[in-house]
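Student: I would like to go through the packing, the sheet, a pocket and the aromatic pairs of this structure. Please show it before we start.

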Amino acid sequence: MCLFALTIKHILKILYNIFIKLYPLVAFLISNRNKKAKLWVQGRKNIFDRLKMAFSNNKESIIWVHCSSLGEFEQGRPVIDALKLQYPKYKILLTFFSPSGFEVQKNYKNADWIFYLPMDSPKNAQHFFDIVQPKFILFIKYEFWHYYLHEAKRRNIAIILISGVFRNTQPFFKWYGSFYKEILFCFNHFFVQNETSNKLLNQLTFTNVTICGDTRFDRVLQIAENFKPLEEIEFFIGDSKVIVAGSTWIEDDETLIHFLKANTTIKSIIAPHNINNERLKECLGIYKNAILYSDYIKSVNDYTKVNCLIIDNIGMLSRLYKYATIAYIGGGFGNDGIHNILEAAVYGKPLVFGPEYEKFIEAEDLIEQNGAISIDSAIALEEALNKLLKEENYLHQMGENAKIYVYAKGGATEKIMDYIYENRLLTN
C-alpha cells in the first residue's frame, strides 16, 4: 500500500511537471488569436531581468502577496491596505497569475511592485526567491503552486492562506491526494471562510486553521463607506427606477431583454463582463435605445431620452450598484457561475441572478435569508422583477436583508492582522 501511494505521488508529480511546461507553450501558440493569452505571454517576457532591475537597489524588507486574478485581489486588498498602514517599513510585492488581475490593477498604489508570477518550476522558484527575498508571504484563496510553496518552506519563510475555501471535490481530499496534501504543509496558517473548510483540513490533521470569513466583505464595506457620487449616472436615472446588471454575458442579456422591452419606463445600466469591441457591439444590438457610457458623458444633455447605458470601462461597477432599484448579477447561466454579489448587497439592494450559484456561499446564504432570488429563465426573471417593483415593502425588506447580511460578516481582515501581530510575523 505504501509503495502504491508513493507510485501515485510520483505519477502526479510527473503530470504536474508536464502541465507547467505545456501551459506556457499553449499560451504562446494561441497568443496571436487570443488577447488574454497574448497578455499572459508578454507579461512574462524577460520577467527575471525586470525583477532584478526592480529589486537591485532594494534595502527594505519585502512582503509578497500573490493573487490568481482580479477576484482574489479584491479579497486580498483589505489585508494589503492594512499591512501598508500597520507596517510601513515593509515594501509590498504583488503578483498575479492572470492578465485579468494584472491589467486592471497594475497601478494599484499600495503595492510597491506589481508583476506577473513566473510560471512554477524548481528553477523559477529558486530564482524568484533569490531576487525578491521576501520576509513574509500571503497567498489568496486557492493558489497552490508546488515549487514556490516548497521553496518558501525550505527557506523557512512564513506563509499564510487567506479567504481559503476547501471542498471535498478537491484533490487534497481524494485517495490519490498525497502529492497535493504535501503542498498544504508549506502553510503556517489557513484563514478559511467556513466551517466546511475547517472540517476538511482537520480531517487531514491540520489544526492551524482559523474560520474568519471572507475578506471581500471588508472590501465592499470599505468601498461603500468611501462612496463618491457619479453625477452623470444621477442625471441619467433622474426619478426613474433602474436595473443595474453587472458582469453580464450574452445569456444574461437574452434573459433581461424580454423584461426591458416590456417595461420601457424602467432604465437600465448594463456592465458587461468583457468590454472588447465585439462584446460592446453585441450589447448595443440587443438593448434598444442604448448608448455606450463613454459616448454618453461627452454630451450628457444630448441623450436625455436614452434609457440604457452600456458601461465600457472597468472600475465603476461597485459604485453603480448604489443607484440600483434592483441589482442583477451576471454569470449565473454559465459554467463558472455568478460574479461578485457583495458589491450590490452592501448597498441594501435586492439581488437577482441565474441558476449557477452553488459554488458561492454568500449566494446560498442570501437566498436563504431572503436577500436574493435565483431565476432560471426569462419568464422567471420577469415574474421576480415585477413582484419586486410592484410590492415596495417586499423590495425594501429584501434589500435590507442583503445589507444586514454583509455588515454582519465583516471583520476577517482584523482577525488576520491580529494573528500576524500576535505571532510576530512582522515587526513594527
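Student: Which residues of helix H19 are met by residues of helix H10?
Tutor: This is a predicted model. Helix H10 covers residues 215-225 and helix H19 covers residues 392-408. On the H10 side the contact involves Phe217, Val220, Leu221 and Glu225. Their counterparts in H19 are Tyr405, Val406 and Tyr407.

Student: How many charged residues does the contact of H10 with H19 have?
Tutor: The axes of H10 and H19 lie 9 Å apart, at an angle of about 115°. By class, the contact has six nonpolar residues and no polar ones. The charged count is one.

Student: Which strands stand at the edges of the seven-stranded open sheet?
Tutor: The strand order is E10-E11-E9-E8-E12-E13-E14, with parallel pairing. An edge strand here has a single partner, so one of its sides is left without a neighbour in the sheet. The strands in that position are E10 (290-292) and E14 (372-374).

Student: By what angle are neighbouring strands of this sheet turned against each other on average?
Tutor: The sheet pairs its strands in parallel. Direction is ignored in this average. The value is 20°.

Student: Which residue in E12 is the bridge partner of glycine 246?
Tutor: Strand E8 spans residues 242-248 and strand E12 spans residues 326-329. The two run parallel and are joined by four bridges. In E12, the partner of glycine 246 is isoleucine 329.

Student: What angle does the direction of helix H18 make with that of E12?
Tutor: Helix H18 (residues 378-390) packs on the sheet. It touches E8, E12, E13 (351-353) and E14. Its direction makes an angle with that of E12 of about 160°.

Student: Which helices give two or more residues to the lining of the second largest pocket?
Tutor: This pocket holds about 340 Å³ of space. Its lining has 13 residues, and the closest to the centre are Tyr16, Tyr142, Glu143, Phe144 and Trp145. By class, the lining divides into 10 nonpolar, two polar and one charged. The helices asked for are H1 (2-30) and H8 (178-184).

Student: Why is the pair of phenylalanine 144 and phenylalanine 187 stacked or edge-to-face?
Tutor: The structure holds 38 aromatic pairs. Phenylalanine 144 lies in the loop between E4 (134-140) and H7 (146-154), and phenylalanine 187 in the loop between H8 and E6 (189-192), so the pair ties together parts 43 residues apart in sequence. The ring centres are 6.0 Å apart and the planes stand at 80°, so the pair is edge-to-face.

Notes
Residues numbered from 1 in each chain as written. Predicted model: local features only at pLDDT ≥ 70, side-chain atom pairs only at ≥ 80, totals over all residues. Heavy atoms only, no water. Pairing = 2+ DSSP bridges. Axes fitted to C-alpha atoms, helices over the stretch in contact; angles between N-to-C directions. Contact = heavy atoms within 4.5 Å. Nonpolar A, V, L, I, M, F, W, Y, C, P; charged D, E, K, R; others polar. 1 Å grid on protein atoms, 1.4 Å probe; cavity = no way out; pocket = protein on both sides within 12 Å on 5 of 7 lines; lining within 4 Å. Points joined across faces, edges and corners; volume = space filled by probe spheres on them. Phe/Tyr/Trp six-rings, centres within 6.5 Å; stacked < 30°, edge-to-face > 60°.
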